Amino acid sequence: MREYEWTGGDMPGFVTHLECSQTGERYPADTVQTVSRAGRPLLVRYDLDGVRRALPREALAGRPRTLWRYRELLPVRRAENIVSLGEIMTPLVPLPRIAARLGARGEILVKDEGRLPTGSFKARGLALAVSMAKELGIAAMAMPSNGNAGAAMAAYCARAGIKATVFCPADTPEVNVREIAMQGARVLLVDGLIDDCGKLVAEGERKVGWFNCSTLREPYRVEGKKTMGLELAEQLGWELPDVIFYPTGGGTGIIGMWKAFTEIAQIGWIGTKRPRMVAVQAAGCAPIVKAWTEGAEHAPRWQDARTFAAGIRVPQALGDFLILRAVRDSGGFAIAVDDAAIAAAWREVAAQEGLLLCPEGAATYAAYKQALADGRVRPDERAVLFNCATGLKYPMPEAGQRLMPDGGVDWEQFAASPSPTPAARRR
Ligand SMILES: *Cc1c(COP(=O)(O)O)cnc(C)c1O
C-alpha cells in the first residue's frame with residue numbers, strides 16, 4: 001500500500017443521505033447536489049451506528065497517516081475515485097517559550113495545516129470535493145477564491161483531469177495567482193471582493209454549466225475540513241482541548257470540526273467534553289463577530305472589508321448561521337483583532353518559536369493573547385490555535401542589510417555577550 005493513498009478497495013459506504021442544514025429536508029446522495037431548495041448548505045449524513053460497529057477507534061492506529069484513514073466517515077464510495085496529493089496528518093506544535101512568558105500553564109498548541117499539499121488546509125476540503133466530482137462525473141468546476149482554495153482546487157482538478165476556473169480579487173497575493181495558473185487552471189482577476197467573484201461564478205454556472213465549488217454551495221468541502229476535528233481528537237488521545245481558536249472566513253473549518261465532534265460522540269469515540277469554539281476575525285472584516293455580539297442568527301454583508309489576512313477577508317458567509325450555532329452551542333465566542341496586532345503576533349511567533357505562521361494563523365494567536373488578558377481563557381486551559389496555511393505563501397516585510405564584499409564590515413555590531421562554556425555552566 002502506498003503510504004498516502006487508500007488502495008484497499010471500495011469504501012464500505014456509510015452515507016445515507018444529504019440534509020438541508022436549515023429545514024432538515026432530505027436529499028439523495030450519489031447524485032450532483034448544490035444547495036437545498038431553501039438555498040442553504042447541504043450536510044452529509046451517515047449511518048453512525050454502522051460506523052460504530054465497523055470501526056473500533058483502535059483500528060485507526062494501523063492505517064496510513066492521512067485523512068483517508070477516516071474513510072468510513074467520508075463520502076467517497078469507490079477507492080478509484082480518490083484524488084490524493086498526500087494529505088498527511090498535520091502536527092500539533094507547542095509554543096513553550098511563549099506559554100512560559102504568558103504564564104499559560106495549560107499548553108498552547110498550533111495545529112499546523114501549512115504542511116498539507118498546496119500549503120494550506122484548503123487541500124482537505126478540495127481533496128474531498130474533487131474526489132466526489134470525479135465520482136459524480138463532473139467535467140468542469142469553478143470557484144471564487146482569495147487564493148488558497150483556488151490553488152487547492154486547481155491542483156486536485158489537474159490530477160483528476162477536471163477543467164478548473166478560478167476567480168480571484170485582483171489584489172490576491174501574487175504567489176497564489178501564479179500557483180493556480182501553474183497547476184493548470186484558468187485564473188481571472190476581478191476588481192472586487194470574493195463575493196463579487198462568487199457572483200461571476202454563479203453566472204457562469206447558468207451560462208456554461210460548470211460546477212460551482214463555492215464555499216458551502218457544494219456538500220463535500222465541509223467533509224474534508226471535518227477531518228481536522230477527527231485528527232485533533234485522535235492526536236490528543238480522544239480528549240478534546242478546552243478551547244479552539246479558528247481563523248474564520250467562510251467558516252467551513254468551524255462547521256466541519258463541530259460536525260466531526262458531534263459524529264464521533266454519537267459513535268462513542270469521545271465523551272461529552274467539547275472545546276469552546278472561538279471564531280477569530282480581522283477587525284477590518286468581522287461580520288461574524290458583529291452578529292455574535294448582537295445575538296443575531298445571520299451576519300449581514302460587511303461593508304468595505306479590509307485586512308492583509310486574505311483568507312479571512314470574507315464579507316459574507318453562506319453558512320453564517322452554522323458558524324454562529326457552533327460558537328454558541330460550544331459556549332465559545334467570536335473575537336476581532338486588528339491588522340497591527342496580527343502583524344505583531346506574526347513576527348512574535350516566528351522570532352520566538354521558529355514557527356512562521358500565515359497571517360490568519362497569527363490572528364488566532366493575537367486573539368488568544370487578548371482572551372487570556374481579558375479572562376475569557378484561563379491560563380490552565382489547553383488551547384489549540386489553527387494555522388491554516390504556510391507563512392511562505394505571503395508577502396513578508398522587507399529584510400536584509402546590504403554589504404560590500406570587500407571589507408568595511410563593522411564587526412562590533414555582531415559582538416554578543418559570549419555564551420558560557422559548558423565548564424563554566426557546571427560551576
Ligand atoms: C480559507 C482560509 C481561512 C478561512 O477558513 P474557513 O474555514 O473558510 O473559515 C483561514 N485561513 C486561511 C489561510 C485560509 O486559506
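This passage looks at two helices and at the aromatic rings of a predicted model.

Helix H6 makes a good starting point. It covers residues 194-208, and at 1.5 Å a residue its 15 residues should span 21 Å; the C-alpha atoms at its two ends lie 20 Å apart, which agrees. Six names are worth finding along this helix: Ile194, Asp195, Cys197, Gly198, Val201 and Gly204, which are buried in H6. Viewed down the axis of H6, these buried residues fall within an arc of 160°, so they line one face of the helix. The face of H6 turned away from that buried side carries Lys199, Arg206 and Lys207, which are exposed.

What do the buried residues of H6 pack against? Their partners are strands: S6 (140-144), S7 (163-169), S8 (186-190) and S9 (211-212). Just after H6 comes glycine 209, with a positive phi of about 75°.

Helix H3 offers a second example. Its 14 residues, 122-135, should span 20 Å at 1.5 Å a residue, and the distance of 20 Å between its end C-alpha atoms agrees with this. H3 is mostly covered, with 13 of its 14 residues buried. Just after H3, glycine 137 adopts a positive phi of about 75°.

The aromatic side chains come next. Searching the whole structure gives nine aromatic pairs. One of them joins tryptophan 258 and phenylalanine 261 in an edge-to-face arrangement, with 6.3 Å from centre to centre and 80° between the planes. Why are these two residues about one helical turn apart? Tryptophan 258 and phenylalanine 261 both belong to helix H8 (residues 252-267), and they are separated by about one turn because they stand three residues apart in that helix. In general, an α-helix has 3.6 residues a turn, so residues three or four places apart point the same way. Are the two partners buried or exposed? Tryptophan 258 is buried, and phenylalanine 261 is buried as well. Elsewhere among the rings, Phe121, Tyr246 and Phe386 are linked into a cluster by ring pairs.

Rings also meet charged groups in this model. The charged end of arginine 40 sits over the ring of phenylalanine 321, at 5.3 Å from the ring centre. Arginine 69 places its charged end over the ring of tyrosine 70, and here the distance to the ring centre is 5.9 Å.

How values were computed:
Residues numbered from 1 in each chain as written. Predicted model: local features only at pLDDT ≥ 70, side-chain atom pairs only at ≥ 80, totals over all residues. Heavy atoms only, no water. Helix = DSSP H or I, 4+ residues; strand = E, 2+ residues; numbered from the N terminus. Expected span 1.5 Å × (residues − 1). Buried < 20%, exposed > 50% of the residue type's maximum accessible area, 1.4 Å probe, protein only. Arc of directions from axis to C-beta. Contact = heavy atoms within 4.5 Å. Phe/Tyr/Trp six-rings, centres within 6.5 Å; stacked < 30°, edge-to-face > 60°. Lys NZ or Arg CZ within 6 Å of the ring centre and 35° of its normal.
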